[in-house]
Amino acid sequence: MAAHAQFARMNGLGNRILVVDMRGRRDAVTPRAAIALAADPATGFDQIMAIHDPRTDGTDAFIDILNCDGSKAQACGNGTRCVVQALAGETGRKTFTFQTVAGILNAVEHEDGTISVDMGRPVFDWDRIPLAEEFFDTSRIELQIGPIDAPVLHSPSAVSMGNPHAVFWVERDPMSYDLDRFGPLLENHPMFPERANITLAQVTSPSAMTTRTWERGAGLTLACGSAACAAAVSGARTGRTGRTVAVTVASSPGRGTLHIDWREDGKVVMTGPAEWEWSGTLDPETGAFSRDEAGAAAL
Ligand SMILES: N[C@@H](CCC[C@H](N)C(=O)O)C(=O)O
């Protein structure tokens, strides 16, 4: 049996993240372990960020991302900020370069403790998001839910931030919609062959919006960083906002905010906080874990 791995329970605006230190090992956190950890109220989480040894020169680590249903994800904005905070605490460094299955991410921890992650360039091609049907313009795709003549949600903007997103534009506070009812239907809609993260976005000014997300593989979460990026990019793309947007995450504690900048070079930079909660050790094969009572804030 392989040795247990050190892990930290953290959060990004309430998005519950387990950062697992898999450096120096050849094994991986299994879907079985993710499902077991998610089922235990003591560790309930939304995403696992497993830090592995770098696979490419010039990167600090390879990060494997798992949702709480055991599926793999290509991007996790809130989780990436948690990894930065954990590694900055360990090394004293401020800048990091990570590799995920979606590509290379650069990140920096600022003096005030907030963290910026370059989430890369959004992808708008229908077959790379991916969508099941060809759309020339993915900023408004034909998809609706509710009665045919009075849809509750319709015409979302679709985009990949490494992972697939659909952003529905709403007039009211996103908390006033039954996202727990519509979320599973939309996540698994035939339009999305790899499922999708479903976000409701209410634009409140040309530089601000409020979002709420039903996450692929995790359901309703308190925050989703890649969805905030998807919504901000889609807001600019459809002329609803400019390219710099403060995204208030409706369900996060205190309605926290992520600052999204879709830079002129096409890259999307997300800035926000990360928070350490507690640490422990776990068996990456089974998910059996124990909590470290000393509670050192380091991996
Ligand atoms: N919470 C994350 C997104 C995690 C991945 C997503 N559920 C997927 O499967 O694509 C974030 O902060 O970006």
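1. I would start with helix α3, where the face turned away from the buried side carries the exposed residues R181 and L185. This is a predicted model, and the remarks below should be read with that in mind. Within α3, which spans residues 179-187, the buried residues are L179, F182, G183, L186 and E187. These buried positions cover an arc of only 125° around the axis, which puts them on the same side of α3. The spacing is what one expects of such an element, because an α-helix has 3.6 residues a turn, so residues three or four places apart point the same way.

2. Against what does the buried side of α3 pack? The partners of its buried residues are strands: β9 (144-145), β10 (153-154) and β12 (164-169), together with β13 (197-205), β14 (208-215) and β15 (219-220). Two of these strands, β10 and β13, return in the point on the largest pocket, where each supplies at least two residues of the lining.

3. At the level of the whole chain, the protein is divided into domain 1, made of 5-120 + 274-291, and domain 2, which covers 144-266. The contact between them takes 21 residues from domain 1 and 25 residues from domain 2. Taken over C-alpha atoms, the centres of domain 1 and domain 2 are separated by 23 Å.

4. How many cavities of 30 Å³ or more does a search of the whole structure find? The search finds one, and the space in this largest cavity comes to about 90 Å³. Its lining consists of 14 residues, and those nearest the centre are Q47, A75, N163, N197 and E215. By class, the lining residues of the cavity are four nonpolar, eight polar and two charged. Domain 1 and domain 2 each contribute at least three residues to this lining, a point worth reading beside the contact described above.

5. Turning to open spaces, the largest pocket holds about 240 Å³. It is lined by 15 residues, with H154, W169, V170, E171 and R240 lying nearest its centre. Strand β13 gives the largest share of that lining, namely three residues. The composition of the lining is seven nonpolar, five polar and three charged residues.

6. The second largest pocket contains about 180 Å³ of space. Of the 16 residues that line this second largest pocket, A102, L105, M119, M161 and G162 are the closest to its centre. Here the largest share, three residues, is supplied by strand β7, residues 103-109. Nine of the lining residues are nonpolar, six are polar and one is charged.

7. Some points of backbone geometry deserve a check by eye, since most residues other than glycine have a negative phi, and most peptide bonds are trans. The peptide bond that joins I129 and P130 is cis, with omega about -5°, and P130 is found in the loop between β8 (115-118) and β9.

8. Two residues other than glycine with a positive phi can be set side by side. S155 has phi near 50° and is found in the loop between β10 and β11 (157-160). R255, for which phi is about 50°, is found in the loop between β16 (244-249) and β17 (257-262). Is S155 buried or exposed? With a relative accessibility of 13%, S155 counts as buried, because the cut-off for that class is under 20% relative accessible area. R255, by contrast, is partly exposed, with a relative accessible area of 34%.

9. A last point concerns A88, which is found in helix α2, residues 77-91. At 7% relative accessibility, A88 counts as buried. Which residues is A88 in contact with, once its neighbours within four places in sequence are left aside? They are R93, F96 and E109. A28 offers a reference position for A88: the two are 60 residues apart in sequence, and their C-alpha atoms are 23 Å apart in space.

Conventions. Residues numbered from 1 in each chain as written. Predicted model: local features only at pLDDT ≥ 70, side-chain atom pairs only at ≥ 80, totals over all residues. Heavy atoms only, no water. Buried < 20%, exposed > 50% of the residue type's maximum accessible area, 1.4 Å probe, protein only. Helix = DSSP H or I, 4+ residues; strand = E, 2+ residues; numbered from the N terminus. Arc of directions from axis to C-beta. Contact = heavy atoms within 4.5 Å. 1 Å grid on protein atoms, 1.4 Å probe; cavity = no way out; pocket = protein on both sides within 12 Å on 5 of 7 lines; lining within 4 Å. Points joined across faces, edges and corners; volume = space filled by probe spheres on them. Nonpolar A, V, L, I, M, F, W, Y, C, P; charged D, E, K, R; others polar. Domains from an automatic or database assignment.
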